[in-house]
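Me: Please go through the model below with me, one question at a time. I would like short answers with the cut-offs stated.

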Amino acid sequence: MLTRSQQAFSFICNWLLPLGYVTLLVGLVVLPDRSIYHKFFYALIVGPAAIALLLRPATLRVLLREPIVILFLAFATWALLSVTWSGADTSIGSMLKKPLYVLLLFAACSLLSLQASKRLEQSTLVSALLMIPLTMYSLGTFAIAWTPGERLVGPGALDNPLLSSHIFGFFCTLWLALGITLPRRQACLAIALAMIFGGALLATGSRSPLIATALVFAWLAVACWNKRSIILVAAGLSALLALLLLHPDALLSRGTSYRLEIWQQALAKISQHPWLGFGVGASLAIDIKDFAVPFSEPHSFALGILYYTGIIGLSLWLALNAVALSLCWRQRHRLGFLVGGALLIYGAGAGLAEGGWILSRPKEHWFLTWIPLALIAAFNIAARQAEETRR
């Protein structure tokens, strides 16, 4: 007979965490307000994951053996330490919550993968299926009310077309990865669904996601080299050519969107404190002559990390992503790792020209960074545990 602690642990892993994970993936599109989105995250992931770790301390030990988690903790520790020289009023205690949220996301995904081998994959697929009607509704209402120059934002708590593209791109990548691995009939359906999300990406008018999607095509083609890979590359090149011929403004009309000027100024500031950075919480103001208000972020994940935590912080961040990607490459024959690698590649591409600092409460940037890393870590923990069990 199960004890109360066993029942509580089972309830958390079988019900609360799957619901919380699905809400994390689709909540911004469904919920009307970001504060509600955060409250769901606290109630369905942060709290339950923390309680589950207290009920099963052995799970925490398993989590802390994972290379991705170890490198994340090293990066987060350095980021927290940098607060001491940032000159910011924010205390380390208040900053500690943000890396803790990420750590508990890692824990939640790992608990899902350990408790039931397919629970994490099933929850991800449920989220992807729920996003189909939501995306089609977004595209439909956008097409009906479209005016020249307007860009798709999306429903719910979404409020910026570029940020919305992170979510649409996440699910487009997911369906592309499924399309190259599933049996033929299911693959055709998955590719068709990926095209719906690709249409949403185009409607946002953002260009960084297009570069990121091209990188995903390359990753999938190399990781799954077969006849479908050749078709995938040909389809990607054809789509790009068609876009350039039929709608060149989608890529060329806005020039560099001041990115080069922003990066140049950011690098000039970074050169003042290249190794340690300015510290998390330090102010950043980049003045561009055509804008009355200075930019508060460098529009690049790498430059943001470099500005706040220096070369040391960036090295830890790059090592974290390199280890995750190498795991995906070595185990690319497994669907979870193939999908995780594709999502990580997409995030890296989309983060080249967007974003700033990455340790935050849940928001669109998590679809480019922490969610892919949490998935890969969870799949690797489950694979390692299964191998140790077989021994």
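Me: Is E364 buried or exposed, and what is its relative accessible area?
Reply: This is a predicted model, in which local features need pLDDT of at least 70, side-chain atom pairs count only at pLDDT 80 or more, and totals for chains, interfaces and linings use all residues. Residues are numbered from 1 along each chain as its sequence is written, and side-chain values use heavy atoms, with hydrogens and water left out. Buried means under 20% relative accessible area, exposed over 50%, and partly exposed in between, with a 1.4 Å probe and protein chains only. E364 is buried, and its relative accessible area is 1%.

Me: Where is E364 placed, and which residues is E364 in contact with, leaving aside its neighbours within four places in sequence?
Reply: Helices are DSSP runs of H or I with at least four residues, numbered from the N terminus. E364 sits in the loop between helix 14 (335–350) and helix 15. Contact means heavy atoms within 4.5 Å. With those neighbours left aside, the contacts of E364 are L28, R34, L158, L163, H166 and I167.

Me: Which residues are joined with E364 into one network by salt bridges that share partners?
Reply: A salt bridge is a side-chain nitrogen of Lys or Arg within 4 Å of a carboxyl oxygen of Asp or Glu. A search of the whole structure finds 4 of them. In one, D159 pairs with R34, and the closest N and O atoms are 3.2 Å apart. Through shared partners, E364 is joined into one network with R34 and D159.

Me: How many residues apart are R65 and E388, which form a salt bridge?
Reply: The closest N and O atoms of R65 and E388 are 2.6 Å apart. R65 is in the loop between helix 3 (57–63) and helix 4 (67–82), E388 is in helix 15 (residues 370–390), and the two are separated in the chain by 323 residues.

Me: Are R384 and E66 buried or exposed?
Reply: Their side chains meet in a salt bridge at 3.1 Å, N to O. This pair links distant parts of the chain, with R384 in helix 15 and E66 in the loop between helix 3 and helix 4. Both R384 and E66 are buried.

Me: Which residues does W370 touch, not counting residues up to four places away in sequence?
Reply: A nonpolar core is a set of buried Ala, Val, Leu, Ile, Met, Phe, Trp, Tyr and Cys residues joined through side-chain atoms within 4.5 Å. The largest one has 124 residues, and W370 is among the four that touch the most other members, with F106, F171 and L220. Without those sequence neighbours, W370 touches F72, V102, L105, F106, W317, L320, I358 and L359.

Me: Which helix gives the most to the lining of the largest pocket?
Reply: On a 1 Å grid over the protein atoms alone, a pocket is an open set of points where a 1.4 Å probe fits, with protein on both sides within 12 Å along at least five of seven lines, and lining residues have an atom within 4 Å of a point. Of the 32 lining residues, L176, F217, A235, G236 and A239 are the closest to the centre. Helix 7, helix 8 (184–204), helix 9 (208–223) and helix 10 (227–246) each supply at least two lining residues. The most, 11 residues, come from helix 10.
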